[in-house]
Every structure is written in C-alpha cells, then in structure tokens.
Amino acid sequence: MNVNTRVWMGRAGLLAPLLLAACTVLPEGPSALALPGTGKSLEQFRVDDGRCRGYAQAQLAGKGAAESSSHGMQRSYDDSYQQCMYASGHKVPVAGQMLSGVPANAATPPADTPPPRY
C-alpha cells in the first residue's frame, strides 16, 4: 500500500461519520402522544406543546454520533418532549402493567393466621 492510498483511506475514514450524520433526518415533531392534563385548557396545551417541541429540538444538539440515526434521533426527541409535557402537567403514556388489588398469584395466608402487629 503506497502513501497516497493510506492518506486517502485515512481521510475517507474521517469523512464517513460526517457523511452519515448529514443524511440523518431531524425530527419535525413528536411521534409520541401527549394529552391535555386535568384542568388544563386547550390553549395552555398548545403553548406547552410549542415550548416542549423547542426543548426537545434543543436536546438533540447534545446527542452524539451513537444516536445519529433517524430512529435514534426521533426516540431522543420523543423522550425529551414527553418529559417536558409531563413536567408541565400534561398526560403522557407510560409503559407498564396496571394491577388492581392483590395480584392473582399472591399467596393467601391461612385463615387461622393472626394479623400482623405494627
């Protein structure tokens, strides 16, 4: 391998991440759901929505090359947007399982067991 080939390959290696980042499409808005919070007017929701969109966009500026894919950027944007909307008192979906009362697989104590003392 001659010197010119090594120099060219070195430059190509430096340019590849920049070219990939240039192809990344920045999110235009949230793909995540947010609903007006209890007691919040539609006008307040719109104001907070605009503010949180700006906040989410600003958060992308600090993201590294590891999250420079379109999917990664959208996910980061959505996370920041939902955190802002939740902090503003609006409703956002959360992952998890809702349980009511005692779980079905919980062991029931025998009938003659005395109640616990506190």
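Reader: Which cysteines form a disulfide, and how far apart are their sulfur atoms?

Author: A disulfide is recognised from a pair of cysteine sulfur atoms within 2.5 Å. In this predicted model, Cys52 and Cys84 form such a link, with their sulfur atoms 2.1 Å apart. The structure holds one disulfide.

Reader: Which hand does the link of Cys52 and Cys84 have?

Author: The angle about the S-S bond is -75 degrees, and the link of Cys52 and Cys84 is left-handed.

Reader: What parts does the pair tie together?

Author: Cys52 belongs to helix H2 and Cys84 to helix H3, so the pair joins parts that are 32 residues apart in sequence.

Reader: Are Cys52 and Cys84 buried or exposed?

Author: Buried means under 20% relative accessible area. Cys52 is buried because its relative accessible area is 0%. Cys84, at 8%, is likewise buried.

Reader: How should one read the packing of H2 and H3?

Author: Two packed helices are described by the angle between their axes and the distance between the axes. Here the axes of H2 (residues 42-60) and H3 (residues 70-87) come within 8 Å and cross at roughly 140 degrees. The two helices are therefore oblique to each other, and the crossing of H2 and H3 is right-handed.

Reader: Which residues in H2 meet which residues in H3?

Author: The H2 side includes Phe45, Asp48, Arg51, Cys52, Tyr55 and Leu60, while the H3 side includes Met73, Tyr77, Tyr81, Cys84 and Met85. The disulfide partners Cys52 and Cys84 are thus among the residues of this contact. By type, the residues of the contact of H2 with H3 divide into ten nonpolar, four polar and four charged.

Technical notes
Residues are numbered from 1 along each chain as its sequence is written. This is a predicted model: local features need pLDDT of at least 70, side-chain atom pairs count only at pLDDT 80 or more; totals for chains, interfaces and linings use all residues. Side-chain values use heavy atoms; hydrogens and water are left out. Axes are lines fitted to C-alpha atoms, for helices over the stretch in contact, and angles run from 0 to 180 degrees between N-to-C directions. Helices (H or I, at least four residues) and strands (E, at least two) are DSSP runs, numbered from the N terminus. Angles under 35 degrees count as roughly parallel, over 145 as roughly antiparallel, 65 to 115 as roughly perpendicular and the rest as oblique. A crossing is left-handed if the near helix is turned anticlockwise from the far one by less than a right angle, and right-handed if clockwise. Contact means heavy atoms within 4.5 Å. Ala, Val, Leu, Ile, Met, Phe, Trp, Tyr, Cys and Pro count as nonpolar, Asp, Glu, Lys and Arg as charged, and the others, Gly among them, as polar. Buried means under 20% relative accessible area, exposed over 50%, partly exposed in between (1.4 Å probe, protein chains only).
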